[in-house]
Structures are given as structure tokens and as C-alpha cells.
Amino acid sequence: MKKIYVLDTNVLLHDPNAMLRFEDNEVLLPITVIEELDRFKKRPEEMGRNARQTSRMLDALRKQGSITAGITLKNGGQLKVALCDRETLKALPVELMTSEGGDNAILAVALEAKQHCECPVVMVSKDTNMRIKADTLGLTAEDYETDKIDVDELYTGMGEVLVSAEQMSALFQPGGTELASQEKLAGKFFPNQALTLIDVNNPSHTALAIIRSDGHLTSLPKLPYSGVSRIQARNREQRFAFSLLLDDSVPLVTLVGKAGTGKTLLAIAAGLQKVTEEKRYTRLLISRPVVPMGKDIGYLPGDMTEKLTPWMQPLYDNFDLIFNTQDTTDKPAHWRRGHEDLLEMGLLQIEALTYIRGRTIPKQFFVIDEAQNLTPHEVKTILTRAGEGTKIVLTGDTAQIDNPYVDAASNGLTYVIERFRNDPLAGHVTLYQGERSDLAARAANLL
């Protein structure tokens, strides 16, 4: 049976194409939604862009016929804009009459549709309280989950395979890639997925390998004895991460893990190795979204560099660890922190993501920290800036999201991981073991 979906304004502000994603059912837009979109359209950020795009789409559909009578969509569904009936609005519980905004008018449209239609009516909103109010009024309420990812089933980038001792030994011989064809691993796993090989007769005997984009299984390349920019991999996941970060054939790498697992440090260390020692890229470009944790402190004085310093301080901390410049006491007047020389030479650039639209970034090692605070559209904007020879690394912790408009299932980082897991140009590793300190690891697990 077909359904009627009544959309809240926040659904269209989240995804302008939402009205086209309900298959052959009827989509009902209360006129209040159009009025609220008008208030958002002048905003400069993504919500304003989405409001303008939604209005343009509705205007194009309006030219096909009467939008109040219903316009047939390409997917077989129908779109209508509905007016709010005053009598239905007055019949709402008295507790709702004291609330401000257009929620009541949207609820009234949904109630009226339920009274006059035999098919099920579903209220769709990303506002938790709106769904609670709708359910209280006897309406079926749902979140908009078309673009949500099942976090519990999120791709980890790793796997385990049982092999014989002979097969494991053959892998580490020159040209030893026969295991891939014998076990048909290319069909079981994803490109650039890291595997732990376990001896079927001796589970304590293991080896680390990775499936390349051509489907062949190869052993992990050895890391420099002195480490990558003096940083040593401390666990299996970090070893896997370094293999992807240092592989020039994988231009997109995503690293996810709880606080203290070393995501940002590994990315910066690999970037420095590639830029300063191997000279594979012309510059290490690092950025992070300007999203505060808790209440913002307001505008900051100074030029662009001074304004960005509080936001980028976590990045500077990682450079201090790499260059061993954490202690600034008893240093001469001409002493400088390690990253300051790189900035002066043009080998390092640290900036906000605010002005990235329209840029082309060629042959750079581009690290985006705290990517869990980005929306899918913002991540798309960033990835489409990549020029020839650029490698992009996204790092983040989906358990620490400060952006109020995304969650663990709908943020841009999760979106990229899920969409790119079958792509030979991308690789992903989920880091589990905290290495910052015993206290940090315990806090990440217990709190």
C-alpha cells in the first residue's frame, strides 16, 4: 500500500533531494516548510545552500502543473504542497499552542492528511522532539535515514584469514602472490584491505598482509628502521595505517579511532616523510573544520594565523612530538619549533576549510583532521578539490562529534568509508588501541 510522507523542514535542509527519495509514494510539503526555507536561503553555509537548491527544485516542478493538486515525479510518486487547515490547528492540544515556530502547522497538515486518507501517513523529521510530539498525537513518525550508515556494521578495513604454514611462507618469497588466486581472496575482501594471516595449525603464528587493488595479496612493506618521521608503529592497526599512508597508489585514506589511537600523528608523520624526505609531494597541507566543543568563546583578535592558532593547536602538539620540541624552557632566543621552519619554507600549510570551495590542490599530501564533524556534502566538496597527484587523508572519531547537524551514522567521514570501500583508490583502517597514555586509553574506554 502506498504511503503519504509529510516532510519537516530540517529534512530538506539536510538533503534537498529528499522529496525525490520516497519511491512511488506521495510526498506532502506543508506550506509552512516553504516559509521556513525562505528564512534559511540567505545563510552562507551549507544549510543556506540546501534551502536555495530546494526552492529551485520546487520552482522547476511547479512549472509542470498545479503543485497543490499534485505533480507526478520521475520515480512514480507524487509531490504536493498543502495548506494548513485552521480548524485542525485549533484542535491541537493546548500544551502545543504555547510553542513557537511552524511545528504545529506541520503537525496539523499531517493530522488532516490522516483524517482524509485511507493510506498510512508518516511524519518524517530529523528533530527528535518533533517525532515525539507527532507520536503523541497518534501519528507515525520516522527519522530521515536514507543517507544513514549502520555504524555497527561499518567497514573496519581489516580482516583475518586462516592459511597453511606453507602458504604463509610462500607469501614472503620473492613474487609470492599465489595465495590470492588459490584462496580467491579478491572476491571475499575489498581492495586495499589489511589482513592478518593465521596459521590454521598454530594460531599464535601470524603474519600481516594487504590486498592490493589488483586483488593480489602481498606482505606489508617494511618501515624505516628509525620510524616514519621518527614515529614507530606500536600496534597492528598502526602498522596497517602506515602501509596505506605511505602507498602512493592509494590517493584516499580514512582513519577512524577513539581518542589517543594516533590517527592524526600517523597521518602527519607519513605526510612529512613523503614531503621532506621522499619529495613525492610539494607540500603537506593540513586542515580541520572550525567546530567548537561546547560553547564558543566568540571572535578572536589578530590576523588569520592568530585566529587559527587555538583551533590548530592540536596539530602543533603533534609536530612538537615528532620534532621533540614539547619543552620550550631554557631555549635560546633564536630557537624555533620544528613546524615553523617548514611553514617558512612553504613545505607545510595549515588552514581552515572555510575557503576551500573553488580551489584545485595538485600534488599535495592533504590531511583533514576531525573529519567526523563534516557533512557528506562538505566531504564531497573537499575530495573534488584534489588535483593531479594529490593524496587525501581523513581522520576522525565518530564518537566525538561536535557538529549539531550530523551524528555517527550521517557524518561525512562515515559516508566516505562506506561509499569507497569497494574502490581501489581508497583504503581504510579502524584503530582500536589507545597509545597516548594509560589514563587516556582508560578514559576512552570507560567514559
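Glu-23 counts as exposed, because its relative accessibility of 56% lies over the 50% cut-off for that class. The structure is a predicted model, and Glu-23 belongs in it to the loop that runs between helix H1 (9-14) and strand S2 (26-30). The backbone at this position is marked by a positive phi of about 55 degrees, although Glu-23 is not a glycine.

A second residue can be described in similar terms. Lys-279 is not a glycine, and yet its phi is positive, at about 55 degrees. Its place in the chain is the loop between helix H12 (263-277) and strand S12 (283-288). Lys-279 also counts as exposed, because its relative accessibility is 60% and the class begins over 50%.

Strand S12, which follows the loop of Lys-279, is part of an open sheet of six strands. The order across this sheet is S13-S12-S14-S15-S11-S16, and the pairing is parallel. Strand S13 (348-352) and strand S16 (426-431) form the edges. Each of these two has a single partner strand, so one of its sides is left without a neighbour in the sheet. From one strand to the next, the twist averages 15 degrees.

Within the sheet, strand S14 (residues 364-368) and strand S15 (residues 391-396) run parallel and are joined by four bridges. In this pair, Val-367 stands opposite Val-393 of S15. Helix H16 (residues 412-420) packs on the sheet, where it touches strand S11 (252-257), S15 and S16. The direction of helix H16 makes about 125 degrees with that of S11. Strand S16 is thus described twice: as an edge of the sheet and as one of the strands touched by helix H16.

For the chain as a whole, the secondary structure comes to 17 helices and 16 strands. The chain has 447 residues, of which 49% count as buried, a class that requires a relative accessible area under 20%. Contacts between residues at least 6 apart in sequence were also examined, and 69% of them join residues at least 24 apart. The area exposed by the chain is about 23,000 Å², and carbon and sulfur atoms supply 51% of this area.

How values were computed:
Residues numbered from 1 in each chain as written. Predicted model: local features only at pLDDT ≥ 70, side-chain atom pairs only at ≥ 80, totals over all residues. Heavy atoms only, no water. Buried < 20%, exposed > 50% of the residue type's maximum accessible area, 1.4 Å probe, protein only. Pairing = 2+ DSSP bridges. Axes fitted to C-alpha atoms, helices over the stretch in contact; angles between N-to-C directions. Contact = heavy atoms within 4.5 Å. Areas by Shrake-Rupley, 256 points an atom, 1.4 Å probe, with all protein chains shown as cover.
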